[in-house]
Amino acid sequence: MNPLDRYDYAILSALQGDGTLSIAQLSERVGLSTTPCWKRVRRLEEEGYIESRVAIVNRRKVGLPVTVFVSVRTSQHDDKWLARFAAAVVALPEVQEFHRMSGDIDYLLKVVTSDIEGYDRFYKKLIKVAQLSGVSSAFSMEQIKVTTALPLELVSHQ
């Protein structure tokens, strides 16, 4: 992979804010002509810096207002168990994020659902997929900040 320069970071920053920008709009915003800008975008995609472009859907408007952070503990820590557990959890559509953690909990899941009953249905599916020694749920009361944009200004630009 090539090191990124200030133009690459400017392109990434602009696309994080609005993935629908045309190449003409993007090139104007970052100070490049269209062909070099397009080539950089294509390279950033090919090298995996840009993983995908998506629409962010308002979860409340579509009927999924409840966010639950689920802490999972297990006494199983071998590779075979993890592979089965990970495949089962990844297949659960309610799971938005799935992390293996350090510290007192083994896994942390971010789950979205319609309501308490929806979470209960999810919980029953979760405890069927693997032997777990503990599951703890924390319901988000208010979403104060959410972003998909990485803080690229924290990275030194060449």
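In this predicted model, helix 4 buries three of its residues, namely Trp81, Phe85 and Val89. These three cover an arc of only 55° around the axis, which places them on the same side of helix 4. The other side of the helix carries Asp79, Lys80, Ala87 and Val90, which are exposed. Helix 4 takes in residues 79-90, and because each residue should contribute 1.5 Å, its 12 residues are expected to span 16 Å, a value that agrees with the 16 Å found between its end C-alpha atoms.

From this helix one can step back to the chain as a whole, which is divided into domain 1, covering 6-55, and domain 2, covering 59-140. The C-alpha centres of domain 1 and domain 2 are 34 Å apart.

The charged contacts come next, and a search of the whole structure finds eight salt bridges. One of these is formed by Arg40 and Asp8, whose closest N and O atoms are 2.9 Å apart. Since Arg40 belongs to helix 3 and Asp8 to helix 1 (residues 6-17), the pair ties together parts that are 32 residues apart in sequence. Asp8 itself counts as buried, because its relative accessibility is 1%, under the 20% that sets the limit for that class.

A salt bridge also joins the side chains of Arg42 and Glu46, with a distance of 3.4 Å from N to O. Here the two partners are both in helix 3, and because they are four residues apart, about one helical turn separates Arg42 from Glu46. With regard to accessibility, Arg42 counts as partly exposed at 37%, whereas Glu46, with a relative accessible area of 60%, is exposed.

Arg53 and Glu45 form a further salt bridge, in which the closest N and O atoms are 2.7 Å apart. Both partners are classed as partly exposed, Arg53 because its relative accessibility is 41% and Glu45 because its value is 34%. Beyond this pair, salt bridges that share partners connect Asp5, Asp8, Arg40, Arg43 and Glu47 into one network; the buried Asp8 is therefore a member of that network as well as the partner of Arg40.

The loop between helix 3 and strand 1 deserves a separate look, and Glu51 has its place there. Glu51 counts as exposed because its relative accessibility reaches 75%, a value over the 50% that the class requires. Although Glu51 and Leu152 are 101 residues apart along the chain, their C-alpha atoms are separated by 16 Å.

Leu64 is found in the loop between helix 3 (34-46) and strand 1 (66-73) as well. At 32% relative accessibility, Leu64 counts as partly exposed, because that class lies between the limits of 20% and 50%. Together with Val57 and Val62, Leu64 makes a nonpolar surface patch of about 250 Å². A residue needs over 30% relative accessible area to belong to such a patch, so the 32% of Leu64 meets that requirement.

Conventions: Residues numbered from 1 in each chain as written. Predicted model: local features only at pLDDT ≥ 70, side-chain atom pairs only at ≥ 80, totals over all residues. Heavy atoms only, no water. Patch = residues over 30% accessible without salt bridge, like charges linked within 9 Å, V, L, I, M, F, W, Y side chains within 5 Å. Areas by Shrake-Rupley, 256 points an atom, 1.4 Å probe, with all protein chains shown as cover. Salt bridge = Lys/Arg side-chain N within 4 Å of Asp/Glu carboxyl O. Helix = DSSP H or I, 4+ residues; strand = E, 2+ residues; numbered from the N terminus. Buried < 20%, exposed > 50% of the residue type's maximum accessible area, 1.4 Å probe, protein only. Domains from an automatic or database assignment. Expected span 1.5 Å × (residues − 1). Arc of directions from axis to C-beta.
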